[in-house]
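Biologist: I should like a close look at a single part of this model, followed outward into the packing around it. Please give the reasoning in one connected account.

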Amino acid sequence: MPLGRLFRTGTFIGISLLFFVAYACTAVKVSWLPLYLQEGLGYDAETAGNLASLPYIGAVVSVLLVGVISTVMTQRGISNRITRGLLPAALVLVAGLCSIGMSMLDRGTPQMVMIILGASLNSAGYGVAFAGLADVAPAKQRGMVFGIITAIYSLGGIIAPLVLGEFVASGESVAIGYGNGFMTLGVTMITGAVAALLLIDPDEDVARLRAGA
């Protein structure tokens, strides 16, 4: 299949956008969360280290759980658009809302719930979204397509931490800088997730590609 045709499908474009904003969130949390907990919220180093580990634990659980849910939904005849498109996009959308929520809350349990929930849901949709992309890409070209997708969303992992650093450096205070940065990240995630909700449709794209071929 000509790569140009694959790259013009809604599924490829939607998953590229979804992964871009999702990986931006992942990179920000990996690079900035421990510092945010200390510098922005005032936790001591030991407490910040313990709290920073919680999103990773939540991510492991959510990845396994969402994979099972998607499989069960597919076995019950629910379309790939829902199980491999709408589901991961909805998870990233809610994670974006959590990022906005954490930026508006003061230090405490509700804020940590938002941090953990946002990181967990953001990570949960990767596997099922890749399955949707595999539905569209021919078997012999999947490795190449996956590699290109990885290169695209890796840019989010480079850009997002730098942008957050600019917010922190230019904020009236460290806490305000972090808050503005996470707010912007959340809005960006929601925008990408909404676009993905509208674009991803593996079954329809496969039908179009076959008709064109």
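Modeller: The model is a predicted one, and the account starts from Pro88. With a relative accessibility of 1%, Pro88 falls under the 20% cut-off and is therefore classed as buried. Pro88 belongs to helix α4. When neighbours within four places in sequence are left aside, the contacts of Pro88 are Leu18, Thr83, Gly125, Val128 and Ala129. As for Gly49, its C-alpha atom lies 29 Å from that of Pro88, the two residues being 39 apart along the chain.

The helix that carries Pro88, α4, also packs against α8, with the two axes 8 Å apart and at an angle of about 165°. Because an angle over 145 degrees counts as roughly antiparallel, α4 and α8 are roughly antiparallel to each other. Their crossing is left-handed. By class, the residues in the contact of α4 with α8 comprise 21 nonpolar, five polar and one charged.

A second helix pair, α3 and α5, may be described in the same terms. The axes of α3 and α5 cross at roughly 40° and come within 7 Å. That angle makes α3 oblique to α5. The crossing of α3 and α5 is right-handed. On the α3 side, the residues that meet α5 are Leu51, Leu54, Pro55, Gly58, Ala59, Ser62, Val63 and Val66. On the α5 side, the residues are Met112, Ile115, Ile116, Ala119, Ser120, Leu121, Ser123 and Ala124. This contact divides into twelve nonpolar and four polar residues, with no charged residue.

Both helix pairs also have a part in the nonpolar interior. The largest nonpolar core has 53 residues, and those with the most contacts inside it are Phe19, Tyr36, Leu37, Ile149 and Phe182. At least two core residues come from each of α2 (10-40), α3 (45-75), α4 (80-104), α5 (109-124), α6 (126-136), α7 (142-170), α8 (174-199) and α9 (202-212). Of these helices, α2 gives the most, with 13 residues.

Ile149 offers a local view of this core, being one of the residues with the most contacts inside it. Not counting residues up to four places away in sequence, Ile149 touches Phe12, Ile15, Ser16, Phe19, Phe130 and Leu133. Among these partners, Phe19 is itself one of the residues with the most contacts inside the core.

Technical notes
Residues numbered from 1 in each chain as written. Predicted model: local features only at pLDDT ≥ 70, side-chain atom pairs only at ≥ 80, totals over all residues. Heavy atoms only, no water. Core = buried A, V, L, I, M, F, W, Y, C linked by side-chain atoms within 4.5 Å. Buried < 20%, exposed > 50% of the residue type's maximum accessible area, 1.4 Å probe, protein only. Helix = DSSP H or I, 4+ residues; strand = E, 2+ residues; numbered from the N terminus. Contact = heavy atoms within 4.5 Å. Axes fitted to C-alpha atoms, helices over the stretch in contact; angles between N-to-C directions. Parallel < 35°, antiparallel > 145°, perpendicular 65-115°, else oblique. Left-handed = near helix turned anticlockwise from the far one by under 90°. Nonpolar A, V, L, I, M, F, W, Y, C, P; charged D, E, K, R; others polar.
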